[in-house]
Every structure is written in structure tokens, then in C-alpha cells.
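Look over the chain below before reading on. The walk starts with one residue and then widens to the whole fold.

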Amino acid sequence: MRHWFQKRIFAAALDVTVPEPLPVDHPLLTLENCLIVPHIASASWRTRARMSMMAAENLIAGLKGEKLPNCVNPEIYKK
């Protein structure tokens, strides 16, 4: 009888490596069942562009004395 648990890793997605980023010749990059992904979601151009827009929107609202549209702790407005 074949067991599903064979003491092997089926697949892995790693978001933290040492060193980071891995050198292009690192053995992990040759494994078909290993995905190396950025440690932080803001590592893409699209995400960084959106973060910049959100920061600018918050800055403009703050200068106008308005509530921040992208506030991460909106409970401060309840005080």
C-alpha cells in the first residue's frame, strides 16, 4: 500500500531567503517544485505606484484638513 505521506516536500513557496535576493545560480532556483516570491507585496511596480497614489491622496486630504481616504487606523476619527 502506497502512503500519501512519503517524507517529501511536494512543493514550496518561499518569501524569505538568505541572502535576499538569491544569486541567479542558487540551487533553489533550479527546483521545479519551489517558487521564490518577493518577501513583501510592495515589490511590484504596480503595487508601488498604487502606494504612491494613496500616499499623495492622504497628503492632499491632510493638508485640506479632511479625513485621510486611505487611513490604516480609522478608529482615530472616533475620538
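Where is the place of N70? N70 sits in the segment after α1. Keep in mind that this is a predicted model.

Is N70 buried or exposed? Its relative accessible area is 18%. Buried means under 20%, so N70 counts as buried. Now look at what surrounds this residue. Setting aside residues up to four places away in sequence, N70 touches R50, M54, E57 and N58. Two polar links involve the N70 side chain. One is a polar contact of 2.9 Å with the side chain of E57. In the other, the N70 side chain reaches the backbone oxygen of M54 at 3.3 Å. M54 and E57 thus each appear twice: both are touched by N70, M54 offers its backbone oxygen, and E57 offers its side chain.

Move next to the loop between β1 and β2, which holds T17. Is T17 buried or exposed? Its relative accessibility is 12%. The cut-off for buried is under 20%, so T17 is buried as well. Which residues does T17 contact, leaving aside neighbours within four places in sequence? They are L22 and I36. I36 belongs to β2, which covers residues 34–36. The T17 side chain also has a polar partner in the backbone: one of its polar atoms lies 2.9 Å from the backbone oxygen of P19.

P19 deserves a second look. This proline lies in the loop between β1 and β2. The peptide bond that joins V18 and P19 is cis, with omega about 0 degrees. P21 is found in the loop between β1 and β2 too. A cis peptide bond joins E20 and P21, again with omega about 0 degrees.

Two exposed residues give the contrast. A13 lies in strand β1, residues 12–14. Its relative accessible area is 57%. Exposed means over 50%, so A13 is exposed. Pair A13 with P69: they are 56 residues apart along the chain, and their C-alpha atoms are separated by 34 Å. K79 lies in the segment after α1, the helix of residues 45–64. K79 has a relative accessible area of 85%, so it is exposed. K79 and W45 are 34 residues apart in sequence, with 36 Å from C-alpha to C-alpha.

Now step back to the whole chain. How many helices and strands does the protein have? There is one helix, and there are two strands. In sequence order the pattern is β-β-α.

What are the overall dimensions? The C-alpha trace spans about 65 × 35 × 20 Å along its principal axes. The radius of gyration is 21 Å, whereas a compact globule of 79 residues would have one near 12 Å. Of the 79 residues, 10% count as buried. T17 and N70 count as buried. Consider contacts with a separation of 6 or more: residues 24 or more positions apart account for 5% of them.

Last come surface and charge. The accessible surface is about 7500 Å². Carbon and sulfur atoms hold 64% of that surface. The side chains include 10 positive and 7 negative ones. The centres of these two sets lie 8 Å apart.

Methods
Residues are numbered from 1 along each chain as its sequence is written. This is a predicted model: local features need pLDDT of at least 70, side-chain atom pairs count only at pLDDT 80 or more; totals for chains, interfaces and linings use all residues. Side-chain values use heavy atoms; hydrogens and water are left out. Helices (H or I, at least four residues) and strands (E, at least two) are DSSP runs, numbered from the N terminus. The radius of gyration is taken over C-alpha atoms; the globule rule is 2.2 Å times the number of residues to the power 0.38. Buried means under 20% relative accessible area, exposed over 50%, partly exposed in between (1.4 Å probe, protein chains only). Contact means heavy atoms within 4.5 Å. Accessible areas come from the Shrake-Rupley method with a 1.4 Å probe; for residues, only the protein chains shown count as cover. Lys and Arg count as positive and Asp and Glu as negative; His and the chain ends are not counted. The place of a charge is taken as NZ of Lys, CZ of Arg, CG of Asp or CD of Glu. A polar contact is a pair of N or O atoms within 3.5 Å; within protein, one must be able to donate a hydrogen and the other to accept it, and residues adjacent in sequence count only if both atoms are side-chain atoms.
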